[in-house]
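Biologist: Please take a close look at one part of this model for me. I would like to see how the two chains meet, and then how the sheets behind that meeting are built.

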2 protein chains.
Amino acid sequence: MDEFDLITRCFASMDVRRHDVHLGIGDDGAVTRMAGAAADLVLVTDTLVAGVHFPPDTPAAALGHRALAVNLSDIAAMGAAPAWALLALTLPTADPRWLDDFAGGFAALAGEHDVALIGGDTTSGPTLTITVTLIGQAQRDIVLTRQGAAPGDAVCVTGTIGDAAAGLALLQKPGAADTGIDRAAADWLEQRFLYPTPRVTAGQALAGQVRAAIDISDGLLGDAHKLATASHVDITLEASALPCSPALLAWTGDRTQAEQVALSGGDDYELLFTLPEQLHGAIDTLAQRCAVPITRIGRVCAVRAGAAPGASAVRDGRPLALDTAGYRHFR
Amino acid sequence: MDEFDLITRCFASMDVRRHDVHLGIGDDGAVTRMAGAAADLVLVTDTLVAGVHFPPDTPAAALGHRALAVNLSDIAAMGAAPAWALLALTLPTADPRWLDDFAGGFAALAGEHDVALIGGDTTSGPTLTITVTLIGQAQRDIVLTRQGAAPGDAVCVTGTIGDAAAGLALLQKPGAADTGIDRAAADWLEQRFLYPTPRVTAGQALAGQVRAAIDISDGLLGDAHKLATASHVDITLEASALPCSPALLAWTGDRTQAEQVALSGGDDYELLFTLPEQLHGAIDTLAQRCAVPITRIGRVCAVRAGAAPGASAVRDGRPLALDTAGYRHFR
């Protein structure tokens, strides 16, 4: 089931338009305006389903964290400041301990980002399903979108890529010793899956500076493709430039394997963005304001005549064949 | 599983406070404020789970309508004007026809109320689960809440009560002929369950006029109890005054049975509210502005010393024993 096709089909006929909707379906979030308000509203929603988005035995605290984190990441990709959350929780059983842990994981991250939980709906149902809707505010007219990348832009990412996919693989196949990495490195990778760090500060620092942005949830290359499509450009990623963590390199035991994981793995919740030429020299300054390392990993080109926009990866100038079989997302 | 207990337990530890949250968890919706904005924001969210909130074979168009209607009803109970919706849809299979029907049902009601669908998340999962988050706007400081009912107030409802519970019972036991009502009456009751009419116009007309309001989703008496608790008052409903439709009376074949269904059935999505004494004579005028009949069904009293606030029903002055066994909500 292709999420994008589904949404397109299902929502295409729902074309009620309002003058106060500045940006509707199709980006990381929507943007609306209230009369008289100094800021724009940015609204995002994301669902996690047990057995689809996370292994059924994932700790409750990690789920509480994650349910908010994936939404914070969307808010970050729009350059907004998060404010209010609503939580819809469908539970097979009401286990007080599970609930306490879930609430604890959610609350810790909410506190960190000054997010107030203002409403929700708790229902019973056969499958654990968590939907968070998060509303943030952004300075008028500097909201970040997937559109706007232009030929000549540098493609950059925050943090390191591929760790979460490796962490998920480790969680699904206990016995990290088999892979030849030590427990500390395995733990770190697992934490990168279980407790993703949404780049909220970075998103706000990038707003008004960069041309286009998206958060990396479905995999670096796939999300780069979405940004390229929205901006009607080509994106070329240079695999040898990808920021891979020491733990990921230790786990794969091989740099080119690590690059494959980084390109096709998911759940990183880092930001991918494009920088106009006048800022190519200012990456270090930008990274300081973002409070996270930034790495230049590719470039934006014009779409070739007659071709569709999109993203591809090269290594030392040669097109890269992607082996995604070994590192498919849990979905 | 008691929803209220669950929410209380799970959310109690999540006490991030923000100065811009005017009303948090515990009412039909939350109220927040943006700097400079002329209006308040009202935010609600409701989840429908297959086999819990509706029979699995419910038509897709009815589900699209219903998913939005239950949220519109919450917005109505707050006296707000709906504006923007987000839809989180978890589907076992991607059936294009089902999706088209669902979208059609949603879009028709959205168009009626000028609601723009601005975002969403579609995921695959074993259980059909629909969460809608709806954001509306309300004039500052006249938002309706469950608090504020005072001794001397009249308790009123919009429309007729109990139809949806009868309609659900008919849908679950086909063969309406057995019950002695004709197909037209049975159809009408089933439509009252499948296509509830949220009282959005009424909610806005009541805002600034009435003391407290709630929408009737879980059953008249139960929801009156919630309003009484939030307002720290006693509510007494007079069963003989309840507005029962001719179809409901035909289905039960008996007025007192119809009153039982009206008191304990759910899914009505009418509004229950309390009117201060100076407006007791203005119910007809109010009903005109609400574009729906309004019936006075009870009164608000002070809580007796040493007792807890709550709602009860009487018939001709005598306490009513409720037989809920036959008309339990699908939940």
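Modeller: Start with the interface. In this predicted model, 75 residues of chain A are in contact (heavy atoms within 4.5 Å) with 75 residues of chain B. Some ground rules: local features need pLDDT of at least 70, side-chain atom pairs count only at pLDDT 80 or more, and totals for chains, interfaces and linings use all residues. Residues are numbered from 1 along each chain as its sequence is written, chains are lettered from A and ligands numbered from 1 in the order written, and side-chain values use heavy atoms, leaving out hydrogens and water.

The area buried between chain A and chain B is about 6000 Å². Buried area is the accessible area (1.4 Å probe) that two parts lose on being put together, summed over both. Carbon and sulfur atoms give 70% of that area.

Now the polar side. Two salt bridges are counted between chain A and chain B. A salt bridge puts a side-chain nitrogen of Lys or Arg within 4 Å of a carboxyl oxygen of Asp or Glu. B:R18 forms one with A:D114, and their closest N and O atoms are 3.4 Å apart. By class, the side of chain A that touches chain B has 43 nonpolar, 21 polar and 11 charged residues. Here Ala, Val, Leu, Ile, Met, Phe, Trp, Tyr, Cys and Pro count as nonpolar, Asp, Glu, Lys and Arg as charged, and the others, Gly among them, as polar.

Next, look inside chain B. Six strands form an open sheet in the order β1-β2-β3-β6-β4-β5, with mixed pairing. Strands are DSSP runs of E, at least two residues, and helices are runs of H or I, at least four, all numbered from the N terminus. Two strands pair if DSSP finds at least two bridges between them. The edge strands are β1 (21-23) and β5 (116-124) of chain B, each pairing on one side only. Neighbouring strands of this sheet are turned by 20 degrees against each other on average, direction ignored. Axes are lines fitted to C-alpha atoms, for helices over the stretch in contact, and angles run from 0 to 180 degrees between N-to-C directions.

Strand β4 (81-91) of chain B pairs with β5(B) in the parallel sense, over eight bridges. In β5(B), B:G119 is the bridge partner of B:L86. Helix α3 (96-112) of chain B packs on the sheet and touches β4, β5 and β6 (129-139) of chain B. The direction of α3(B) makes about 165 degrees with that of β4(B).
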